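Visitor: I'd like to poke at the labels people put on a model like this one. Could you walk me through the reasoning behind a few of them?

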Amino acid sequence: MTALMTREAMWQRLGREEVDLLVIGGGIVGAGVARDASRRGLSVAVVEMGDLASGTSSRSSKLVHGGLRYLEQYELGLVFESVSERRILMDLAPHLVNPLGFLFPVYRGSKHNLLVIRAGMWLYDGLSLFRSPKRHRQLSPADVEREEPALKQKGLKGAPLYFDCSTDDARLTLENAIDAARHGAIITTHARATSFLTSKGRIRGARVTDAFSGESKEVRAKAVVNATGPWTDATLALAGGKLAPMLRPTKGVHAVVMRERLPLTHAVVCFHPSDQRVLFAIPWGDRTYFGTTDTDYEGDPVDVAASHDDVRYLLRVATEYFPDAALVEDDVISTWAGLRPLIAENEAASESEVSREHKIVLGSDGLITIAGGKLTTYRRMSAEIVDTAVRFLELHREISGELRPSRTEKDPLPGGEGWPADDDHAKVAAEVQAASQGSLDEESALALSGTYGTRALTIASAVASESSGAARLVPGRTERMGQVDFAVDEELAATLCDVMMRRTQLFYRDVDQGLGAAEAIAARMAARLDWSAERTAAELSAYRAEVARSRRWRSEP
């Protein structure tokens, strides 16, 4: 066990000495800030009230994309920034950010003109300086029938095919945090900031409480970043004073079905028949998912979940575009719901029209807040936040010595280190299988390399030396027990939900959302983390409650 990378070790380190930068929030931006700042030579601590990426950052559409639809809104700057970052992320995390074709079917009677769309495709490729994963092309109805036979053919005029990327949003967040920890950052999960520490009108840290023991400690910092996504306004409220809300949160819901029920080769751009909102049907390994909805949300971010109306809305677009699949509610394996932390600037705009641009605010108390933005541009946003913090600290003469370049645009994330220059996934999988000494089959080795990148070699070696690590978590699936050990030892996993939802994603992918495997996994974690019988039972109860919450829509009228 690498003791320095366990959650408990991080909690013990937290608060021992003042840090240059305290980041509140362990989503993609918080993790990105920690990576950038620690690589520059700043001392950094991150506190996250749940698990890394447990909020919005594991509940996105799982795409790294320029945002073709933003061209319609004339947000060319956002599109250019996004397609530039897409290219960078493909190099930084080639195991996690992979090219994905998107079909844009156009039917008779549609408001979308094929010629206009084709011009838009050239503009989209042009904004990427023609460095898209692949060049777009035009598909005839016959081409579409051959390449995507499940798609409705009646009235089809054609379908441009363009390319963006899919990703694993939870793991992208995690690998940023791991790299930050390698550069000295303290990454503490399940630790809530309950109040700010102030001195002479300036925020100088926070009081933080351990979710497990209830212990509290003071974490002193020269500068503090509020990167709490949907909790931005609640975090600002800790500083006191009455402020107008920064955010207009909107809920996005996705629904997952078996690939056998709807096999897709490409993602498909869909327009909902009721309101013409853009949605996607996306292939996801042995699954397919639909998303996303976009509705204003005023409840507790912790309780966000799919409603029956959300699922019906998604199934309606599925029926419109894939009528022969005849998907029904019983086909839905799982759902996820997340909140977009959009900036509250134009209340008259519809949810889909609210800008995905971001805003960085330096308060008079020194608190640096980031709001808005999108997953694809997290790295650039993170760099801007650290730039703001550095200027603030320089103004107060609290930086000693020269800072290094962060190189976050050049140096790969941990799983991308040593990845083949030709992006040969099969080559890495073969090395993983060889390292397992026969414990892993080809399919499992490929799944591991696509999840962990070159870090999968460590898991393979571990299962080779301990046969119990090769046990399948679910019969017929590729996930192995060694991944549970790795999650605890190397990936800061501290609860059963951490492992089930974000390290293995059985919560979303397994037909019973991992309920059949939960007891065995909890027992494995209990042995490793010295849980009592009561703690183990509580972990199982908490996980079952998460599954029940995700299924709550089934009991609604």
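Guide: Here is a short chat about cavities and one helix in this predicted model.

Visitor: What makes an empty space here a cavity rather than a pocket?

Guide: A 1.4 Å probe has to fit inside and be unable to get out. The structure holds 3 cavities of 30 Å³ or more. The largest has a volume of about 110 Å³, and of its 13 lining residues, Arg59, Thr335, Trp336, Ala337 and Ser550 are the closest to the centre.

Visitor: Which elements supply at least two residues each to that lining, and how does it divide by class?

Guide: β17 (332-343), α15 (506-509) and α17 (533-550) do. The lining divides into 8 nonpolar, 2 polar and 3 charged residues.

Visitor: What about the second largest cavity: how much space, and what lines it?

Guide: About 40 Å³. Gly32, Arg35, Asp36, Asn176, Tyr378, Arg379, Ser382 and Thr408 line it. By class that is 1 nonpolar, 4 polar and 3 charged. Tyr counts as nonpolar and Gly as polar, so Tyr378 is the nonpolar one and Gly32 goes with the polar group.

Visitor: How do you know that the span of α3 agrees with its number of residues?

Guide: Take 1.5 Å a residue: the 17 residues of α3 (residues 76-92) should span 24 Å, and the end C-alpha atoms are 24 Å apart, so the two agree.

Visitor: Why is α3 called mostly covered?

Guide: Buried means under 20% relative accessible area, and 12 of the 17 residues of α3 are buried. Among them are Leu78, Val79, Glu81 and Arg86. So "mostly covered" is a fair label for α3.

Key:
Residues are numbered from 1 along each chain as its sequence is written. This is a predicted model: local features need pLDDT of at least 70, side-chain atom pairs count only at pLDDT 80 or more; totals for chains, interfaces and linings use all residues. Side-chain values use heavy atoms; hydrogens and water are left out. On a 1 Å grid over the protein atoms alone, a cavity is a set of points where a 1.4 Å probe fits but cannot get out, and a pocket is an open set with protein on both sides within 12 Å along at least five of seven lines; lining residues have an atom within 4 Å of a point. Grid points are joined across faces, edges and corners, and a volume is the space filled by probe spheres set on the points. Helices (H or I, at least four residues) and strands (E, at least two) are DSSP runs, numbered from the N terminus. The expected span of a helix is 1.5 Å times one less than its number of residues. Buried means under 20% relative accessible area, exposed over 50%, partly exposed in between (1.4 Å probe, protein chains only).
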